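Please find below my notes on the model you sent. They are set out as numbered points for checking against the coordinates.

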Amino acid sequence: MMLTRQTSGACPLHGGQSDVKLQCPALGRTAGLQQPLQTQRRSCSSCVRCQTGQEQQPQQNTSRRSVLGTSLALALAANTQIQSLPAFAKVVDKEWEKVKLPVDPGVVLLDIAFTESNPDHGFLLGSRQTLLETNDGGKTWNPRQVAAAQDEGFNYRFQSISFAGEEGWIVGKPAILLHTKDGGRNWDRVPLSGKLPGNPVLIVATGGSKAEMTTDQGAIYVTDNAAYSWAAAVQETVDATLNRTVSSGISGASYYEGSFSQINRSPGGDYVAVSSRGNFYLTWQPGQTFWSPHNRPTARRVQNMGWTQDNTLWLASRGGDVFFGQEKGGTEKFEQAKLGSRGFGILDVSFRDASLGYACGGSGSLFKTSDGGDSWKRVRATDDVAGNLYAIKWQKNGAGYILGNDGILLRFIA
C-alpha cells in the first residue's frame with residue numbers, strides 16, 4: 001500500500017481496507033533559504049555619528065573632557081554592534097547545567113537532534129514554532145526561521161526531529177513535514193494529504209533516504225525514496241483492533257478515544273504507545289499488520305512508556321511509580337523500581353548506557369541510577385529548576401539533554 005505524492009485517494013487505515021492507495025498531492029516542495037536570524041545594527045544615543053549619520057568635523061578648541069567623552073561614546077556604539085551570545089549556562093549540579101535560551105516564556109521544548117557528520121551541530125524544537133540551532137554542542141543556540149513553514153500563518157508545534165547523516169526530518173502539528181538533505185542549511189516542505197489519519201508526532205530517519213513517520217492515531221508510514229512515496233506499515237485501525245480484541249479482556253479498551261498520548265520507538269524498530277486515557281498500552285513490531293493491546297500492570301493509569309538500550313520496556317504511572325519489563329520486547333510482566341518519587345509524576349526515563357540512567361518529572365524532579373535501574377537517588381540540585389522536565393535525550397556521542405517547559409534545557413556536563 002503506497003502513499004504517493006500524486007492526486008488524492010482514500011486512507012489505508014480508514015475502514016480497515018487493505019487494498020486502497022493513499023495518495024498525497026506533493027508534486028512540488030516549497031523551498032526556502034534558511035539562515036540564522038541576523039542581529040540588527042543598533043545606534044548609540046550619545047554618539048554624534050549615530051544621531052546625525054555624518055562624521056563630526058574636528059574642532060581646534062576641543063577640550064580633553066570632550067575628546068574622552070567622544071571616544072567613550074564611539075566605543076559604546078561599536079560595542080552595541082557586537083552580537084551578544086544568544087544563550088549562556090548556569091551549573092545546577094556537577095553533572096548538569098541549565099542553558100538559557102532565546103525563547104519566549106511558556107515555550108515547551110519537545111525534541112533535539114544533531115547531525116551525524118558534525119555532533120556539535122544540531123537543532124532544538126518545541127511549541128510556538130520554536131526552532132533553534134547550535135554549532136557548539138548545545139552550549140549556545142540561535143533562532144532559525146523556516147520559510148516553508150511560514151506560508152499559511154499557522155503557529156506550528158514542532159514535535160519530532162531526526163537525522164541520519166546529513167539527511168533530517170521534522171514533523172509537527174498541525175500536520176507538517178519538513179525535510180533537509182544538507183544538514184539543515186535548507187529545509188523543504190513535503191505536503192501531506194488531508195486524509196492522513198491523525199497528526200504526525202514521531203519521525204525517525206533510518207538512512208539512505210529512508211524514514212518512518214507515526215501519527216497520534218497509530219498510523220505508521222515508511223518511505224525509502226525521500227518521501228516521494230510512502231507505504232503503510234499498519235493495515236488496520238486501532239479501533240478495529242480493539243473491537244476485535246476487547247473480548248479478550250483488555251481493560252479500558254471501551255474508553256479508547258481514538259488517539260495515543262505517547263509513542264516511543266526502540267533502536268530496533270519496535271513501538272510502544274499509551275492510550276489517550278492511560279487505560280492500557282499497545283506494542284507493534286516490524287512485520288505485524290496491527291497493534292497489540294496490553295493491560296497495564298498497575299491500578300494507576302499509565303503516564304508514559306519507552307525502551308531501554310536492551311529493548312526492555314519501562315513504564316511510568318500517574319503518581320510517580322516506575323516499572324521495568326521482565327522480558328524483552330512487548331510484555332505484560334513488570335517489576336516496580338525502588339525510585340521514591342515523593343508523589344511527583346515521572347514523565348520520562350532514559351539510559352545513557354547499560355548502567356547510567358535518569359528519570360525526570362514534575363517540579364524539576366530528577367532521579368539517577370548507576371546500576372541499570374536497581375536503585376535510584378534523587379538529584380536534589382534540580383529541585384530549584386522552576387518547571388517540569390518532560391524528556392531526556394542522549395546522543396550517540398554520549399551528550400545528554402533534558403527538555404522541559406518554559407524553555408528549560410539542561411545539558412549533561414559530566
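The points below go from the overall model to its aromatic pairs, its cores and some backbone details.

1. Confidence. The model is a predicted one. Its mean pLDDT is 82, and 78% of the residues reach 70 or more. The weak part to note is residues 1-87, where the pLDDT is below 50. This stretch nevertheless has 155 contacts in the model beyond near neighbours in sequence. I would read those contacts with the pLDDT of the stretch in mind, as it is below 50.

2. Overall make-up. The protein has 414 residues, of which buried residues make up 50%. Its secondary structure consists of 32 strands and 3 helices. Taking contacts between residues at least 6 apart in sequence, 47% join residues at least 24 apart. The exposed surface comes to about 19,500 Å², and 47% of it is supplied by carbon and sulfur atoms.

3. Aromatic pairs, first example. Searching the whole structure gives 23 aromatic pairs. One of them joins Trp169 and Trp230, with 6.3 Å between the centres and 70° between the planes, an edge-to-face arrangement. The two residues are 61 apart in the chain: Trp169 belongs to strand β11 (residues 167-173) and Trp230 to strand β17 (residues 229-232). Trp169 has a relative accessibility of 0% and therefore counts as buried. Trp230, at 3%, is buried because its value is also under the 20% limit.

4. Aromatic pairs, second example. Phe324 and Trp376 form a stacked pair, 6.5 Å centre to centre with 15° between the planes. This pair, too, links distant parts of the chain, its members being 52 residues apart. Phe324 is in strand β24 (residues 322-328), whereas Trp376 is in the loop between β28 (366-369) and β29 (377-378). Both Phe324 and Trp376 are buried.

5. Aromatic cluster and a charge over a ring. Tyr256, Phe260, Tyr271, Phe280, Trp284 and Trp291 are linked into a cluster by ring pairs. Separately, Arg244 places its charged end over the ring of Phe290, at 4.4 Å from the ring centre.

6. Largest nonpolar core. Which residues touch the most other members of the largest nonpolar core? They are Ile220, Val238, Phe260, Tyr271, Phe280, Trp284 and Trp291, in a core of 18 residues. The elements giving two or more residues to this core are β14 (200-207), α3 (238-245), β18 (260-265), β19 (271-275) and β20 (280-284). Of these, β20 gives the most, with 3 residues. Phe260, Tyr271, Phe280, Trp284 and Trp291 also appear in the aromatic cluster of point 5.

7. Ile220 and the second core. Leaving aside residues up to four places away in sequence, Ile220 touches Met213, Thr214, Ala231, Ala232, Ala233, Val234, Tyr271, Trp284 and Trp291. There is also a second, separate core of 17 residues; among them are Leu125, Ala149, Phe163 and Ile176.

8. Cis peptide. Lys173 and Pro174 are joined by a cis peptide bond, with omega at about -5°. Pro174 is located in the loop between β11 and β12 (176-180). Most peptide bonds are trans, so a bond of this kind merits a look.

9. Positive phi values. Asn311 has a phi near 65°, positive although the residue is not glycine. It sits in the loop between β22 (302-307) and β23 (312-317). Its relative accessibility is 21%, so Asn311 counts as partly exposed. Ser363, also not a glycine, has a positive phi of about 55°. Ser363 lies in the loop between β27 (357-361) and β28, and its relative accessibility of 39% makes it partly exposed.

10. Arg380. Is Arg380 buried or exposed? With a relative accessible area of 58%, Arg380 is exposed, because the value is over the 50% limit. Arg380 is in the loop between β29 and β30 (389-394). Its C-alpha lies 9.2 Å from that of Gly364, and the two residues are 16 apart in sequence.

Conventions. Residues are numbered from 1 along each chain as its sequence is written. This is a predicted model: local features need pLDDT of at least 70, side-chain atom pairs count only at pLDDT 80 or more; totals for chains, interfaces and linings use all residues. Side-chain values use heavy atoms; hydrogens and water are left out. Rings of Phe, Tyr and Trp (its six-membered ring) pair if their centres lie within 6.5 Å; planes under 30 degrees apart count as stacked, over 60 as edge-to-face and the rest as tilted. Helices (H or I, at least four residues) and strands (E, at least two) are DSSP runs, numbered from the N terminus. Buried means under 20% relative accessible area, exposed over 50%, partly exposed in between (1.4 Å probe, protein chains only). A charge sits over a ring if NZ of Lys or CZ of Arg is within 6 Å of the ring centre and within 35 degrees of the ring normal. A nonpolar core is a set of buried Ala, Val, Leu, Ile, Met, Phe, Trp, Tyr and Cys residues joined through side-chain atoms within 4.5 Å. Contact means heavy atoms within 4.5 Å. pLDDT is the predictor's confidence in each residue, from 0 to 100. Accessible areas come from the Shrake-Rupley method with a 1.4 Å probe; for residues, only the protein chains shown count as cover.
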